[in-house]
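Notebook, salt bridges. I wanted to look up the charged pairs and how far each partner is open to solvent.

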Amino acid sequence: MNITDAITEHARNRPNHPAIEDGERIITYRELDQQVDAAAANLRAAGIGVGDTVGVLLEESADHAVVFCGLARAGAIIFSLNPTAGADENSRNIAAMGATAVISSGVRSPGGDLIRLRARDICTAGAQPFTESRASGDAPLVLIQSSGTTGLPKSFLRSHAELAIWAERHTRNQGWTADDRGLSLVRLLFN
C-alpha cells in the first residue's frame, strides 16, 4: 500500500469529514485526496520521478502536509530540512542526501542540477490527473537522520509499509476510532 491510499479510503468513506484544519482553512478528505493527486501530477511535470530524494523546507501549514502526501503518492523520497537552520547547513544536508529537488515557500530559482520548486506551485490544480503507478510497500518513503550524537548523523530510510505499521500501532495504542479527531502539536519534520 502507498501510505496515501489511506487518504483515498477516507475520501471514499468520509468525503466531507475534515482531514486538515489550518486556522480558518478546512480541507475535507475528498479535497485532500484531490489536492494530493494534483500535487503528485505537478511534481511529475516538474521532473520528480519515483525514487528521487526531495528536500522539503517549509513552515508548518496545510500545504506542507499536501506536499508530503503528493511526494509520497508520486513515489519520491521525502527528506525534511530544518527551516530554522542556516542556509549552509541545509545546503550541506541537500548535497549529502543526493537530493534531486528542494521544495520551499521561497522564490523559484535555478541551481545547477537541483530542481527548486515553490510549494504554492505544487499545491495548485494539476493540468491533468495523476494516473501513474505509485510506489508502495517496501519502496522508500522518508529519509530520516539521527541526531548525530556520535559526531555525524546517520541516515535511515523508512518505507510506506513501515510508516503504515507505525500509524496503525500508534492509532491502536491511543485507542482512536474513526470518530475521533486529533490535534497535531508536533512539527511535520522527520529529521
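Before reading accessibilities I fixed the cut-offs: buried means under 20% relative accessible area, exposed means over 50%, and partly exposed lies in between. I am working from a predicted model.

Entry 1. I searched the whole structure for salt bridges and got four.

Entry 2. I looked up Arg25 and found its side chain in a salt bridge with that of Asp63, at 3.0 Å from N to O. Arg25 sits in strand β2 (residues 25-28) and Asp63 in helix α3 (residues 62-74), so I noted a link between distant parts of the chain, 38 residues apart. I then checked burial: Asp63 has 22% relative accessibility and counts as partly exposed. Arg25 is also partly exposed, with a relative accessible area of 32%.

Entry 3. I went on to Asp33, which forms a salt bridge with Arg73; their closest N and O atoms are 2.9 Å apart. Asp33 belongs to helix α2 (residues 29-45) and Arg73 to helix α3, so this pair ties together parts 40 residues apart in sequence. I read Asp33 as buried, at 13% relative accessibility. Arg73 is buried too, with a relative accessible area of 0%.

Entry 4. I asked which residues are linked with Asp33 and Arg73 in a network of salt bridges. I found Asp37 there, joined with Asp33 and Arg73.

Entry 5. I looked up Arg118, whose side chain meets that of Asp121 in a salt bridge (2.8 Å, N to O). For Asp121 I noted 25% relative accessibility, which counts as partly exposed.

Methods. Residues are numbered from 1 along each chain as its sequence is written. This is a predicted model: local features need pLDDT of at least 70, side-chain atom pairs count only at pLDDT 80 or more; totals for chains, interfaces and linings use all residues. Side-chain values use heavy atoms; hydrogens and water are left out. Helices (H or I, at least four residues) and strands (E, at least two) are DSSP runs, numbered from the N terminus. Buried means under 20% relative accessible area, exposed over 50%, partly exposed in between (1.4 Å probe, protein chains only).
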